[in-house]
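Here are some quick notes from my pass through this one. Have the viewer open while you read, since most of the points are about aromatic side chains.

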Amino acid sequence: MPLNSQTRLLPLRQIELPILQVPPELKIRTDKDVEVWKSTKGYADYLLFLHRLSEAVVDCTLPLVDHTKQSQEIKGILALLDTLSNWVDEIPPLQTPQRFGNLAFRTWGARLEERSDELLSQLLGKKFASAFPYLKPYLLTSFGSFLRMDYGTGHESSFAIFLLCLTLIRFLQPEPDEERHVVLSVFVRYLQLCWKLQDVYRLEPAGSHGVWGLDDYTFLGYIFGSGQLRDQTDITVASVLNPPLPQNNLYFMSIMRVHQVKHGPFYEHSSQLHSIAVGVPNWGKVHSGLFKMYEAEVLGKRVVVQHLPLGGLMEWDTHVDQRHAPSMSRDAPATADTRAPWAQPR
């Protein structure tokens, strides 16, 4: 649901350990399962989490210089991501003729699978040891498919769910300072690692919509970045048409990444992003529209979410009325239209 400055976000609930549920597994096989997924408590928790993260970064810029409020837990996640980045340096690409998918990525993935328990133990310690089976599936699916050697918005969503689960068990705290660092420290570092994986191992876009998609690989950076820009008016939406752009928000970072990997006129290779730039009057509408688009084109697409492990901390068997999903206060207006305002029928 779109938010505005008058909207009050509800608190994110806490799940006590130990967890008396089956660890997450693949649940979505049909379009009907997608509708079930959108009615679950796990889905509502995830949307609330994304809205809370977006609110935490409004009017914030990169780089985030206030490291005094960076918790040990945030530093631990950053150290984990740095370890994974170092592995890329230790596992160079093989000299193969394929345009996409260097086989060395499977070696990198095998190391992640072999050492995931050790990584989680170093991060979480004994206090959260009982949560390992509920977190591990999301960590393993956060960086791409080691079988298909591709990466897309489903893998990005898996990492965001990993962060949600860490918050549900209160390893991370659902407080504005912590949530700000989740986005502007952790998620930025995650994006940089994923870009490195894509470049070094030439990962194919997973389920790319070509010129009709927002971005071949990612989505959340645009949501968080438009959230950073949402309440100001000095930087116009159309300013993205004049690169190079300053790397002070995730939206601009994501746009410049597109320019790095794609060539030719922007309106040809990134028509959706171009349509936003020329057709949406302010960042508030961009932000709310991107949330709608994410729900419809990522979370609502079976081909994307069928690869997400669900259950466990992402509760599957508990359902909520989506008209009263806890993303916002009860008196906030709701809308049933999930299309972004610039999206045209194809």
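1. Of the 346 residues in the protein chain, 56% are buried. Keep in mind that this is a predicted model. The exposed surface of the chain comes to about 15300 Å², with carbon and sulfur atoms supplying 53% of it.

2. On the fold: the chain has 13 helices and four strands. If you take contacts with a separation of 6 or more, 81% of them are between residues 24 or more positions apart.

3. Now the rings. Searching the whole structure turns up 20 aromatic pairs. One of them is W87 with W108, an edge-to-face pair with 6.3 Å centre to centre and 70° between the planes. W87 sits in helix α3 (residues 72-90) and W108 in helix α4 (residues 104-124), so this pair ties together parts 21 residues apart in sequence. Both tryptophans, W87 and W108, are buried.

4. Have a look at F105 and F146 too. Their ring centres are 5.0 Å apart and the planes are at 55°, so this pair counts as tilted. It links distant parts of the chain, 41 residues apart: F105 belongs to helix α4, while F146 is in the loop between α5 (132-140) and β2 (150-151). F105 is buried at a relative accessible area of 0%, and F146 is buried at 13%.

5. Which residues share a cluster with these four rings? W87, F105, W108 and F146 belong to one aromatic cluster together with F143, F159, F162, F187, Y190, Y201 and F224.

Note on methods. Residues are numbered from 1 along each chain as its sequence is written. This is a predicted model: local features need pLDDT of at least 70, side-chain atom pairs count only at pLDDT 80 or more; totals for chains, interfaces and linings use all residues. Side-chain values use heavy atoms; hydrogens and water are left out. Rings of Phe, Tyr and Trp (its six-membered ring) pair if their centres lie within 6.5 Å; planes under 30 degrees apart count as stacked, over 60 as edge-to-face and the rest as tilted. Helices (H or I, at least four residues) and strands (E, at least two) are DSSP runs, numbered from the N terminus. Buried means under 20% relative accessible area, exposed over 50%, partly exposed in between (1.4 Å probe, protein chains only). Contact means heavy atoms within 4.5 Å. Accessible areas come from the Shrake-Rupley method with a 1.4 Å probe; for residues, only the protein chains shown count as cover.
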